[in-house]
Amino acid sequence: MNKQTRLAIFDRLAAAIPEPATELNYGSPFELLIAVVLSAQATDKGVNKATEKLFPAANTPRAILALGEDGLKEYIKTIGLFNSKAANIIKLCEALISHHQGEVPQSREALEALAGVGRKTANVILNTAFGQPTIAVDTHIFRVANRTGLAPGKNVLEVEKKLDKTVPPRHKKDAHHLLILHGRYVCAARKPRCPDCCIADLCEFKEKTR
């Protein structure tokens, strides 16, 4: 795929999704961090249901530590892997207080050093909370990048590096959410909605639906 086609794809996605943003509810970088950690192998809707009760009760590292691991579990027990997520969140809060004055760090290295935070989560925080032009490759982005021919790769890191190199500069900051939302609502896993797709004529997917 050439540079002009990539630019046309992102121009059209940006026109179709004028306000690309996460569907996780949050009011601070810390709330976003907790929501993203909880969202691993869970839906945004499921996470929002849990955090709408959790955050009014505890939305700072100290407040969550005051709940304790068992207290935290009561709020997040509807979410998959809640036991390990609760343990990680407690460790994460301890690290934020001891190493970062209770604030969410703005570097990838510092974020990835936190319990339960991998490269993808770090990229989401850097992009969504702090406006950095990072691209977190989740299942939706991995599928869209490969299916359309935008940035084919065998694994998420390969796709991330290709996108980082080829996404037009003016779309770099929003690319993450443009691709996720397109993958979630149009370029779906089982049956992509090709007839309704704004980039169908630019996409290299050979098995388009009708």
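**Close-up views of a predicted model**

**View 1. The span of residues 38-185 in the predicted model.** The C-alpha atoms at the two ends of residues 38-185 lie 22 Å apart, and the span is 68% helix and 0% strand. In UniProt, an unreviewed entry lists these residues, 38-185, as "domain: HhH-GPD".

**View 2. D11 in helix α1 and its contacts with R170 and H171.** D11 is placed in helix α1, which comprises residues 3-16. Because its relative accessibility is 29%, D11 counts as partly exposed. When residues up to four places away in sequence are not counted, D11 touches R170 and H171. Although D11 and R170 are 159 residues apart along the chain, their C-alpha atoms are separated by 9.4 Å.

**View 3. T148 in helix α8 and the polar contacts of its side chain.** T148 lies in helix α8, which comprises residues 139-148. With a relative accessibility of 1%, T148 counts as buried, because that value is under 20%. The side chain of T148 reaches the backbone oxygen of V144 at 2.6 Å, and the side chain of T148 also reaches the backbone nitrogen of L150 at 3.1 Å.

**View 4. The surroundings of T148 beyond its sequence neighbours.** Leaving aside residues up to four places away in sequence, T148 touches M1, I199, C203 and E204. In this setting T148, at 1% relative accessibility, counts as buried, whereas D11 of the second view, at 29%, counts as partly exposed.

Definitions and conventions: Residues numbered from 1 in each chain as written. Predicted model: local features only at pLDDT ≥ 70, side-chain atom pairs only at ≥ 80, totals over all residues. Heavy atoms only, no water. Helix = DSSP H or I, 4+ residues; strand = E, 2+ residues; numbered from the N terminus. Buried < 20%, exposed > 50% of the residue type's maximum accessible area, 1.4 Å probe, protein only. Contact = heavy atoms within 4.5 Å. Polar contact = N/O pair within 3.5 Å; in protein donor to acceptor, adjacent residues only side chain to side chain. UniProt positions renumbered as here; feature names shortened; annotations may be inferred.
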